[in-house]
Amino acid sequence: MSYAIIGFGSIGQALAHAFARKSIDVTVASRRPPEALAPQARAIGPTVVARSLRDALEADTIILAVPFWEHREVAKALPSWEGKTIIDATNTNAPVEDLDGQPSSAVVAKAFTGARFVKGFNHLSAAVLAADPNVICFTNRKLQASPPALHEQRAVTYDALLLRTRTSAHS
Ligand SMILES: NC(=O)c1ccc[n+]([C@@H]2O[C@H](COP(=O)([O-])OP(=O)(O)OC[C@H]3O[C@@H](n4cnc5c(N)ncnc54)[C@H](OP(=O)(O)O)[C@@H]3O)[C@@H](O)[C@H]2O)c1
């Protein structure tokens, strides 16, 4: 399992701290070149490595920590998201009409066609995440779907919970 955090602002850095605390390798990327992120990544910990966006997207599990509408730019970076798990940490206060009446998670999921999709980490502030909270919720709207879809989405949620379990290990 390999991990990347796309977006290295408040939430991206808080999550990077969580990975570093448990010595889990993670790449971090934004629109800026990796050299611009490297000093901050190094300051967080040796398992946090800045890469280009394209290189970071080679990870199996990708955490989106960008401003909400920027998910569309990230989604354009790969022709296919098959085999990837996206954990969407974004929030938006966009009017519901801008979202075509859909939940924001559905809007993001649609952009990453073929990916397994989990909403997570978005319900806590960066400060709380950085402080290693005891409870993190993951949701997936397809958990209410038909049994085959339910099975698949449980597997996706398991991936995310595994991440949390690993970040909780030894605490
Ligand atoms: N802050 C919180 O407490 C909090 C809590 C829960 C959820 N959230 C959500 O988390 C997301 C990020 O919030 P934040 O507070 O961390 O924002 P932020 O501090 O402004 O950081 C945003 C990061 O995204 C990068 N970025 C922007 N567009 C990008 C693109 N197209 N491709 C790659 N990287 C891009 C920016 O870096 P470059 O300019 O270098 O590209 C920056 O590193 C938002 O959706 C927010 O709603 C935030």
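This report covers confidence, helix packing, the ligand shell and a few loop residues in a predicted model.

Residues are numbered from 1 along each chain as its sequence is written. Because the model is predicted, local features need pLDDT of at least 70, side-chain atom pairs count only at pLDDT 80 or more, and totals for chains, interfaces and linings use all residues.

**Confidence.** pLDDT is the predictor's confidence in each residue, from 0 to 100. Its mean over the chain is 83, and 77% of the residues reach 70 or more. Residues 143-160 stay under 50, with 20 contacts beyond four places in sequence. Residues 165-171 also stay under 50, with eight such contacts. A contact means C-beta atoms, placed from the backbone, within 7 Å. Where pLDDT is low, the predicted coordinates should not be read in detail.

**Helix packing.** Helices (H or I, at least four residues) and strands (E, at least two) are DSSP runs, numbered from the N terminus. Helix α1 (residues 10-21) packs on helix α2 (residues 34-44) at about 40°, with the axes 9 Å apart. The axes are lines fitted to C-alpha atoms over the stretch in contact, and angles run from 0 to 180 degrees between N-to-C directions. The pair is therefore oblique (under 35 degrees is roughly parallel, over 145 roughly antiparallel, 65 to 115 roughly perpendicular, the rest oblique). α1 supplies Gln13, Ala16, His17 and Ala20, while α2 supplies Gln40, Ala41 and Ile44. Four of these residues are nonpolar, three polar and none charged. Ala, Val, Leu, Ile, Met, Phe, Trp, Tyr, Cys and Pro count as nonpolar, Asp, Glu, Lys and Arg as charged, and the others, Gly among them, as polar.

**Ligand shell.** The ligand is surrounded by 24 residues, each with its C-beta atom, placed from the backbone, within 6 Å. The closest are Gly7, Gly9, Ser30, Arg31 and Thr90. α1 gives the most, with three residues. The shell divides into eleven nonpolar, nine polar and four charged residues.

**Loop residues.** Two non-glycine residues have positive phi.

| Residue | Phi | Loop | C-beta neighbours inside 10 Å |
|---|---|---|---|
| Ser23 | about 55° | α1 to β2 (26-29) | 12 |
| Asp100 | about 55° | β5 (85-88) to α5 (104-111) | 9 |

Ser23 counts as exposed, and so does Asp100. Burial uses other C-beta atoms, placed from the backbone, within 10 Å: buried at 20 or more, exposed at 12 or fewer, partly exposed in between. Leu124, between β6 (116-120) and α6 (126-130), is partly exposed, with 18. Leu124 and Ile11 are 113 residues apart in sequence, but their C-alpha atoms are 9.2 Å apart.

Note on methods:
Contact = placed C-beta atoms within 7 Å.
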